[in-house]
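These are my notebook entries on a structure that is new to me. I set down what I looked up, in the order in which I went through it.

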Amino acid sequence: MVAVISYQLVIDCTEPERMARFWAGALRYAVEPPPGAFATWRDYWRSLGVPEDELGEGDCSDSIVDPEGHGPRIWFQQVPEAKVVKNRFHLDVQVGGRREDVPLETRKARVDAEVERLVQAGASVVRVLSQPGVDHYAVAMTDPEGNEFDVV
């Protein structure tokens, strides 16, 4: 018998609602609605006994889901400390297209357009990953809390 494995990606952060909104837009995900009959995530977390001083502001939305149901749930877990070292892994936001199907100049234009959209949403450009004569183009970025990711 083969066991079915599922997973969620958990990202530590200091402002879960802000990060959920940013990454929902970046990945074209949706902020996950609260479970069951709860009007807000704040109501849900209160029902579990989470103290009010740990909930922060707003409705406490802290997770996003793929509206098509294919990608993993992503939960933004609030932690007290800010990010201080380089990520041990990162996400690649793939918008350029497959090298076999899309010319380099088209991939560059797609990546640059997505980078501009993400900068407007609060991301920052770290560096362009491109070398003359190499059929690869990507832009290294950071999200609003400094987590690294690439747009390729």
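Entry 1, a helix. I looked up helix H1 in this predicted model, and found that helix H1 covers residues 16-27, which makes 12 residues. From its first C-alpha to its last helix H1 reaches 16 Å, and this is close to the 16 Å expected at 1.5 Å a residue. I then asked which residues of H1 are buried. The list runs Pro-16, Glu-17, Met-19, Ala-20, Phe-22, Trp-23, Ala-24 and Ala-26. I noted beside it that an α-helix has 3.6 residues a turn, so residues three or four places apart point the same way. Going on past the end of the helix, I found that Arg-28, just after H1, takes a positive phi of about 60°.

Entry 2, a charged residue. I looked up Asp-66 and found it in the loop between strand S3 (63-65) and strand S4 (73-78). Where is the nearest side chain of opposite charge to Asp-66? That side chain belongs to Arg-28 and is 11 Å away, and Asp-66, although buried, has no salt bridge. A salt bridge would need a side-chain nitrogen of Lys or Arg within 4 Å of a carboxyl oxygen. I did find a polar atom of the Asp-66 side chain 3.0 Å from the backbone nitrogen of His-70. Leaving aside neighbours within four places in sequence, I recorded Tyr-29 and Gly-71 as the residues in contact with Asp-66.

Entry 3, the cysteines. I asked how many disulfides the structure holds, and the count came to zero. Cys-13 is in no disulfide, and the nearest cysteine sulfur to it, that of Cys-60, lies 12 Å away. Looking from the other side, I wrote down that the sulfur of Cys-60 has its closest cysteine sulfur in Cys-13, at 12 Å, which is too far for a bond. A disulfide would need the two sulfur atoms within 2.5 Å. I also looked up accessibility: Cys-13 counts as buried because its relative accessibility is 1%, and Cys-60 is buried with a relative accessible area of 6%.

Entry 4, a residue in another helix. I looked up Val-119 and placed it in helix H3, residues 104-120. Is Val-119 buried, exposed or partly exposed? Its relative accessible area is 32%, so I entered Val-119 as partly exposed. Not counting residues up to four places away in sequence, Val-119 touches Val-125 and Met-141. For Val-119 and Met-141 I noted a separation of 22 residues in sequence and 8.9 Å in space, C-alpha to C-alpha.

Methods:
Residues numbered from 1 in each chain as written. Predicted model: local features only at pLDDT ≥ 70, side-chain atom pairs only at ≥ 80, totals over all residues. Heavy atoms only, no water. Buried < 20%, exposed > 50% of the residue type's maximum accessible area, 1.4 Å probe, protein only. Contact = heavy atoms within 4.5 Å. Lys, Arg positive; Asp, Glu negative; His and termini not counted. Polar contact = N/O pair within 3.5 Å; in protein donor to acceptor, adjacent residues only side chain to side chain. Expected span 1.5 Å × (residues − 1).
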